[in-house]
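Visitor: I have a list of labels and I want reasons for them. Can we go through the model together?
Guide: Yes. Show the structure and ask away.

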Amino acid sequence: MSETQISEGGRERVGELEPLWAAMHSHHSALGETMPPTRAPGQSWDMRRAQYEAWLEAADARLLIAERDGEAIGYAVLRVEEGPPTWDVGRRVAELESLVVLAEARGGGVGAMLVAGARELAAEAGATRMAVGVAHANADALRFYAREGFEAFYVLLLDRPGERG
């Protein structure tokens, strides 16, 4: 098996991420009835691509791509922002906006390599904490991030305005 390489990319490489995003979208679509429905794959990618491009253009994000034999098998997008006004978690906080590893490449340390790279970039940017959002039904991701040292911090709740009497 070839060695996995992690490299940093810019806005010009965002188009290469589409099949990886599609794989994650498919995984999210299969999380079950406790999750809201997902958007159509193309619409989802168009929205996310626009976000990635804007973030990378504004220079508040970094893109890491995991490659094996010249093929992208995973990626991470990290954003660094000012820390929240309520919680004293540091002046700068990084958020792992996306972490994707193709199913056939999981279990070989690619995700851990991407998290390690994201940690380095976060530290370089002055972030003292790194956060990640995970769907509550994504048990595999929750276990992965726990192994990586992430701890529960905040819970996002959803409601349906206008549907209550």
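Guide: Contact here means heavy atoms within 4.5 Å. Keep in mind that this is a predicted model.

Visitor: Which residues is Trp-87 in contact with, leaving aside its neighbours within four places in sequence?
Guide: Phe-153 and Tyr-154. Trp-87 itself is in the loop between strand 3 and strand 4.

Visitor: Why is Trp-87 called partly exposed?
Guide: Buried means under 20% relative accessible area, and exposed means over 50%. Trp-87 has 42% relative accessibility, so it counts as partly exposed.

Visitor: What makes Ser-44 buried?
Guide: The cut-off is under 20%. Ser-44 has a relative accessible area of 10%, so it is buried. Ser-44 is in helix 2.

Visitor: What does Ser-44 touch, not counting residues up to four places away in sequence?
Guide: Trp-21, His-25 and Arg-39. Take Trp-21: it is 23 residues from Ser-44 along the chain, and their C-alpha atoms are separated by 8.8 Å.

Visitor: How do you know that the span of helix 2 agrees with 1.5 Å a residue?
Guide: The expected span is 1.5 Å times one less than the number of residues. Helix 2 has 17 residues, so it should span 24 Å; its end C-alpha atoms are 24 Å apart, which agrees.

Visitor: Which residues of helix 2 are buried?
Guide: Ser-44, Trp-45, Arg-48, Tyr-52, Glu-53, Trp-55 and Leu-56. They fall within an arc of 165° seen down the axis, so they line one face of helix 2. The general rule helps here. An α-helix has 3.6 residues a turn, so residues three or four places apart point the same way.

Visitor: What is exposed on the other side of helix 2?
Guide: Asp-46 and Glu-57. The buried residues, by contrast, pack against helix 1, strand 2, strand 3 and strand 4.

Visitor: Why are helix 1 and helix 2 called oblique to each other?
Guide: Their axes cross at roughly 125°. Angles of 65 to 115 degrees count as roughly perpendicular, and those over 145 as roughly antiparallel. The crossing angle falls in neither range, so helix 1 and helix 2 are oblique to each other. The axes of helix 1 (residues 18-29) and helix 2 (residues 41-57) come within 10 Å. The crossing is right-handed.

Visitor: Which residues meet where helix 1 and helix 2 cross?
Guide: From helix 1, Glu-18, Trp-21 and His-25. From helix 2, Pro-41, Ser-44, Trp-45, Arg-48 and Tyr-52.

Visitor: What makes the phi of Ala-59 worth a note?
Guide: Most residues other than glycine have a negative phi. Phi of Ala-59 is near 65°, a positive value in a residue other than glycine. Ala-59 is in the loop between helix 2 and strand 2. With a relative accessible area of 64%, set against a cut-off of over 50%, Ala-59 is therefore exposed.

Visitor: What is the phi of Asp-69?
Guide: About 55°, so positive, although Asp-69 is not a glycine. Asp-69 is in the loop between strand 2 and strand 3. Its relative accessible area of 60% makes Asp-69 exposed.

Visitor: How do you know that the buried residues of helix 3 are on the same side?
Guide: First the list: Val-110, Gly-111, Leu-114, Val-115, Gly-117, Ala-118, Leu-121 and Ala-122. They cover an arc of only 165° around the axis, which puts them on the same side of helix 3. On the other side, Glu-120, Ala-123 and Glu-124 are exposed.

Visitor: What do the buried residues of helix 3 pack against?
Guide: Strands 1, 2, 3, 4 and 5, together with helix 4. Just after helix 3 comes Gly-126, with a positive phi of about 85°.

Visitor: What puts the buried residues of helix 4 on the same side?
Guide: They are Ala-141, Phe-144 and Tyr-145. Their arc around the axis is only 95°, which puts them on the same side of helix 4. What covers them includes strand 4, helix 3 and strand 5. Just after helix 4, Gly-149 takes a positive phi of about 100°.

Methods:
Residues numbered from 1 in each chain as written. Predicted model: local features only at pLDDT ≥ 70, side-chain atom pairs only at ≥ 80, totals over all residues. Heavy atoms only, no water. Buried < 20%, exposed > 50% of the residue type's maximum accessible area, 1.4 Å probe, protein only. Helix = DSSP H or I, 4+ residues; strand = E, 2+ residues; numbered from the N terminus. Arc of directions from axis to C-beta. Axes fitted to C-alpha atoms, helices over the stretch in contact; angles between N-to-C directions. Parallel < 35°, antiparallel > 145°, perpendicular 65-115°, else oblique. Left-handed = near helix turned anticlockwise from the far one by under 90°.
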